[in-house]
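Reader: Hi! I'm new to this one and would love a quick tour. Could you pull it up so we can talk it through?

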Amino acid sequence: MYKKLLLGLVLIITSCKGVSQEKEMAMEGNSKQEEFEITKTDAEWRNELDAMEYFILREAGTERAFSSELLKNNKKGIYVCAACGTELFKSENKFDSGTGWPSFDQEIKGNVAYDVDYKIGYKRTEEHCATCGGHLGHVFNDGPSDTTGERHCINGAALNFVARN
Ligand SMILES: [Zn+2]
């Protein structure tokens, strides 16, 4: 009787340990790498993107301020990912932030994903295409206060514009 009880106790302890270990492994997996619907090798991306697009989207680079031809684009339409064509921003959410980068007060929900980056010494919220993982820019909270208050500061080279009425 006593032996049986002891065996039961050992079983409970080991099974709890098993569960907590699995949980830890799952959490590690989440923080290390996101999985994207579209994944390509580095060579494939280099082949498909031009040098500037590759620098921004795959190496998380930043284009020169005021260098994007999309900065002054006021046409109606959708801004899509230059790498995979996912719809990311709408023209009605674009505004002139004066920073020299195309700016939006909101993204198309679900199509943009976020990360934290400390690259230039302080915390910024990085944003990337949720479909292919291509880097787009950063989001700050000094945007237009009459709408969302968000300023999505986006590299024009990461976007293609599709005119639409
Ligand atoms: Zn994409």
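Reader: Let's start with Lys-109: is it buried or exposed?

Author: Lys-109 counts as exposed, because its relative accessibility is 59%. Buried means under 20% relative accessible area, exposed over 50%, and partly exposed in between, using a 1.4 Å probe and protein chains only.

Reader: Which side chain does Lys-109 meet in a salt bridge?

Author: That of Glu-107, at 3.1 Å from N to O. A salt bridge here is a side-chain nitrogen of Lys or Arg within 4 Å of a carboxyl oxygen of Asp or Glu. Glu-107 is buried, at 10% relative accessible area.

Reader: Before we go on, what kind of model is this?

Author: This is a predicted model, where local features need pLDDT of at least 70, side-chain atom pairs count only at pLDDT 80 or more, and totals for chains, interfaces and linings use all residues. Residues are numbered from 1 along each chain as its sequence is written, and side-chain values use heavy atoms, with hydrogens and water left out.

Reader: And what does the chain average in pLDDT?

Author: The protein chain averages 87, and 80% of the residues score at least 70. pLDDT is the predictor's confidence in each residue, from 0 to 100. Over residues 10-32 the pLDDT stays under 50, and the model has zero contacts for them beyond four places in sequence. Contact means heavy atoms within 4.5 Å.

Reader: Back to salt bridges, how many are there in the whole structure?

Author: A search finds six. One of them joins Arg-164 and Glu-87, with the closest N and O atoms 3.1 Å apart. That pair links distant parts of the chain, 77 residues apart: Arg-164 lies in the segment after strand E9 (159-163), and Glu-87 is in strand E2 (residues 87-90). Strands (E, at least two residues) and helices (H or I, at least four) are DSSP runs numbered from the N terminus.

Reader: New topic: which residues coordinate the zinc ion?

Author: Cys-81, Cys-84, Cys-129 and Cys-132, each through SG, at 2.3 to 2.4 Å. Donors are N, O and S atoms within 2.8 Å of the metal (3.2 Å for Na, K and Ca); water is not among the atoms, so sites may look incomplete.

Reader: Why is the arrangement called tetrahedral?

Author: Because the four donor atoms subtend angles of 102 to 114° around the zinc ion. Four donors count as tetrahedral if all angles lie between 85 and 135 degrees.

Reader: Is Cys-81 buried or exposed?

Author: Cys-81 is buried, at 1% relative accessible area, while Cys-84 is partly exposed, at 23%.

Notes: Four donors count as tetrahedral if all angles lie between 85 and 135 degrees; four count as square planar and six as octahedral if opposite donors are over 155 degrees apart and all others between 65 and 115; anything else is irregular.
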